[in-house]
Amino acid sequence: MRLILSCLVMISLGGCMQSTSEKTSAPLSRTATPVTPIAFHAGEKVTLEVPTMHCPVMCYPKVKETLEGMEGVAAVALVPQKEDGVIDDHRVSVEFKGDMTSTDAIAALTQAGFPDAKFE
């Protein structure tokens with residue numbers, strides 16, 4: 001019941017259901033410094049923080065699907081949470097099966113509606 005209520009609250013607040021264009025339409029800051037890409041290679045496992053991933057029913061599956069759809073990603077898993085059915089830790093573990101860069105993953109997540117993701 002709590003999971004259903006949690007998801008309904010997120011949907012009503014525009015969380016998971018907000019369109020990508022609404023989330024990414026804000027102008028970029030002119031003072032933002034470019035992020036240096038990080039190279040990832042087959043066999044590496046890293047942690048990625050996705051602060052706007054709130055719902056375990058819609059947001060997390062979208063993050064997982066987006067990343068696992070990339071050629072260099074082998075698997076994506078939500079880090080252990082304190083409570084079932086609630087995302088209280090907005091991180092995922094990403095395992096690579098090929099070479100890719102952090103900017104590729106961040107760009108894919110931004111396009112999927114999660115513009116604030118960052119590798120730890």
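**Setting values against cut-offs**

Reader: Why does Phe-40 count as buried?
Author: Phe-40 has a relative accessibility of 3%, and buried means under 20% relative accessible area, exposed over 50% and partly exposed in between (1.4 Å probe, protein chains only). The value of 3% falls under the 20% limit, so Phe-40 counts as buried. The model is a predicted one, in which local features need pLDDT of at least 70 and side-chain atom pairs count only at pLDDT 80 or more, while totals for chains, interfaces and linings use all residues. Residues are numbered from 1 along each chain as its sequence is written, and side-chain values use heavy atoms, with hydrogens and water left out.

Reader: What makes Phe-96 buried?
Author: Phe-96 has a relative accessible area of 3%, and this value too stays under the limit for buried, so the word applies to Phe-96.

Reader: How many aromatic pairs does the structure hold, and why is the pair of Phe-40 and Phe-96 called stacked?
Author: There are two aromatic pairs in the structure. In one of them, Phe-40 and Phe-96 lie 4.5 Å centre to centre, with 10 degrees between the planes. Rings of Phe, Tyr and Trp (its six-membered ring) pair if their centres lie within 6.5 Å, and planes under 30 degrees apart count as stacked, over 60 as edge-to-face and the rest as tilted. The 4.5 Å is within the limit for a pair and the 10 degrees is under the limit for stacking, so both words fit. Phe-40 lies in strand β1 (residues 39–40) and Phe-96 in strand β4, so the pair ties together parts that are 56 residues apart in sequence.

Reader: What makes the pair of Phe-40 and Phe-119 tilted?
Author: For Phe-40 and Phe-119 the distance is 4.8 Å centre to centre and the angle between the planes is 50 degrees. An angle of 50 degrees is neither under 30 nor over 60, so the pair belongs to the rest, which count as tilted. This pair also links distant parts of the chain, with Phe-40 in strand β1 and Phe-119 in strand β6, 79 residues apart. Ring pairs thus join Phe-40, Phe-96 and Phe-119 into a cluster.

Reader: How do you know which strands pair in the sheet?
Author: Helices (H or I, at least four residues) and strands (E, at least two) are DSSP runs, numbered from the N terminus, and two strands pair if DSSP finds at least two bridges between them. Strand β2 (residues 45–49) and β6 pair in the antiparallel sense over two bridges, so they meet that requirement. Four strands form an open sheet in the order β3-β4-β2-β6, with antiparallel pairing. Strands β3 (73–78) and β6 (118–119) stand at the edges, each with a single partner strand, so one side of each is left without a neighbour in the sheet.

Reader: Why is the contact between Lys-118 and Glu-49 called a salt bridge?
Author: Glu-49 stands opposite Lys-118 in β6, and the closest N and O atoms of the two residues are 3.8 Å apart. A salt bridge is a side-chain nitrogen of Lys or Arg within 4 Å of a carboxyl oxygen of Asp or Glu; 3.8 Å is within that limit, so the name applies to Lys-118 and Glu-49. Lys-118 lies in strand β6 and Glu-49 in strand β2, so the pair ties together parts that are 69 residues apart in sequence. Lys-118, at 44% relative accessibility, counts as partly exposed, and Glu-49 is partly exposed as well, with a relative accessible area of 24%.

Reader: What joins Asp-89, Arg-91 and Glu-120 into one network?
Author: The structure holds four salt bridges, among them one between Arg-91 and Asp-89 (2.8 Å, N to O) and one between Glu-120 and Arg-91 (3.6 Å, N to O). Glu-120 lies in the segment after β6 and Arg-91 in strand β4, so this pair ties together parts that are 29 residues apart in sequence. Salt bridges that share partners therefore join Asp-89, Arg-91 and Glu-120 into one network.

Reader: Why is Glu-120 called exposed, whereas Arg-91 is called partly exposed?
Author: Glu-120 has 58% relative accessibility, which is over 50%, so Glu-120 counts as exposed. Arg-91 has a relative accessible area of 27%, a value in between the two limits, so Arg-91 is partly exposed.
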